[in-house]
Amino acid sequence: MGNNIFTRIEIKRRLQASGTEQEELFERARQVRNTVQGDKLHIRGVIELSNSCAENCLYCAMRRDNRLLNRYTLDEETILSLADQIINTGIPTVFLQSGESEKCGCLLESVIPKIYQKHGCSILLCAGKKDFETYRRYKEAGADGYILKFEAANPSLYENSTGSSHAERLSCIRNIRSAGMKLGTGNIAGLPNQTIDDIVDDIFLAMELLPEFVSVAPFIPNNGTPYEKSPKGDIELTLNIMAIWRIIFPEALIPTVSALEYIHPDGQAAGLNAGANVITVNFTPKENRDKYAIYAKDRFVVNIEHAYKTAEQAGMTLNIM
Ligand code: 5AD
């Protein structure tokens with residue numbers, strides 16, 4: 001296998017790597033990570049503010065047309081007290097995630113400055129498409145990063161899977177950068193109708209966008225969606241994508257997502273072995289968690305103990321106090 005991973009043909013080969021070839025890929029990814037960033041596992045605390053969503057993605061249970069899902073939005077007091085809990089646990093980053101809605105957009109404008117003024121912590125957002133001015137206000141209020149995955153680089157795959165404009169999504173991603181926030185983006189592995197060449201395009205698109213955070217999750221069939229009967233994404237493919245991200249973006253933060261654990265026991269430790277270096281602990285109140293169904297109703301919920309165990313399995317250092 002050639003050494004220059006940056007060509008289309010080499011990326012395509014590595015996406016399909018198995019056996020010793022795959023081991024070599026993961027080894028190289030870990031080496032890059034450890035040389036450039038050390039063996040530190042970064043940790044984020046996520047609060048899922050609301051599962052209301054104006055989008056209608058065919059793969060996501062939070063889609064507008066899913067009448068089976070009870071919608072919730074946390075109140076401001078709850079959000080602020082959960083943010084306190086994250087900081088008091090010793091976690092340096094408050095990650096606020098929600099479906100895409102105007103109501104939640106306003107809620108964010110109100111809670112971001114309060115959290116930032118109280119804790120001076122890093123605040124990361126993932127709340128969908130907004131206009132440039134909104135991203136700028138979030139940044140001014142104290143948010144330092146925003147995650148908006150491009151989902152799929154192939155415009156027709158994206159549009160057929162979401163019913164939304166690909167150009168508009170890319171323009172939002174670029175606006176996040178122009179608003180001065182760190183950019184997180186990424187894709188889904190094993191989306192119905194996705195080809196290996198589509199994933200090569202995902203990797204090239206990420207190379208253009210130069211994200212500080214980059215992530216991939218395996219596709220999880222969600223109940224109440226048009227894709228509920230489609231097969232789930234392949235863990236090996238997902239891990240190969242993560243390892244390629246790592247080699248291409250040595251300085252990026254790459255999460256090992258909970259969906260990996262959902263499709264495979266110790267899936268998140270496998271993600272760290274493929275070069276990831278972030279884990280997200282869930283602080284959403286128990287009664288709301290099941291309704292935040294981007295992965296599945298019975299999704300795997302990460303707590304602190306699991307984060308420690310996963311770090312240990314992968315020989316990484318998790319130091320939060
Ligand atoms: N499987 C995998 N990832 C999903 N997401 C939403 N639904 C699914 C699913 N069924 C991801 C999308 C979105 C992020 C918040 O969650 O990539 O950008």
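This passage describes helix H8 and its surroundings, the crossing of helices H6 and H7, and the cysteines of a predicted model.

Helix H8 comprises 14 residues, running from residue 196 to residue 209. At 1.5 Å a residue such a helix should span 20 Å, and the separation of its end C-alpha atoms, 20 Å, agrees with that expectation. Buried positions of H8 include Asp-198, Ile-199 and Val-200 in its earlier part, and the list continues with Asp-202, Ile-203, Leu-205, Ala-206 and Leu-209. In an α-helix there are 3.6 residues a turn, so residues three or four places apart point the same way. The cover over the buried residues of H8 is drawn from several elements, among them helix H1 (8-15), helix H6 (155-162) and helix H7 (166-178), and it also includes strand E5 (182-189) and helix H9 (235-248). Just after the end of H8, the backbone at Leu-210 adopts a positive phi of about 45 degrees.

Two of the helices that cover H8, namely H6 and H7, also meet each other, their axes coming within 9 Å and crossing at roughly 100 degrees. Because angles of 65 to 115 degrees count as roughly perpendicular, H6 is described as roughly perpendicular to H7. On the H6 side the contact is made by Pro-155, Tyr-158 and Glu-159, and on the H7 side by His-166, Ala-167 and Arg-169. Sorted by class, the residues of this contact are three nonpolar, one polar and two charged.

As regards the cysteines, the count of disulfides comes to zero. Cys-104 takes part in no disulfide, the nearest cysteine sulfur being that of Cys-106, at 9.2 Å. For Cys-106, in turn, the closest cysteine sulfur is that of Cys-104, and the distance of 9.2 Å is too far for a bond, since a disulfide requires the two sulfur atoms to lie within 2.5 Å. The surroundings of these two residues can be set side by side: Cys-104 is buried, with a relative accessible area of 1%, whereas Cys-106 is exposed, with a relative accessible area of 54%.

A further cysteine, Cys-60, is located in the loop that lies between strand E1 (42-50) and helix H3 (76-89). With a relative accessible area of 13%, Cys-60 is classed as buried, because the threshold for that class is under 20%. The C-alpha atom of Cys-60 is separated by 9.6 Å from that of Phe-219, although the two residues are 159 residues apart along the chain.

Key: Residues numbered from 1 in each chain as written. Predicted model: local features only at pLDDT ≥ 70, side-chain atom pairs only at ≥ 80, totals over all residues. Heavy atoms only, no water. Helix = DSSP H or I, 4+ residues; strand = E, 2+ residues; numbered from the N terminus. Expected span 1.5 Å × (residues − 1). Buried < 20%, exposed > 50% of the residue type's maximum accessible area, 1.4 Å probe, protein only. Contact = heavy atoms within 4.5 Å. Axes fitted to C-alpha atoms, helices over the stretch in contact; angles between N-to-C directions. Parallel < 35°, antiparallel > 145°, perpendicular 65-115°, else oblique. Nonpolar A, V, L, I, M, F, W, Y, C, P; charged D, E, K, R; others polar.
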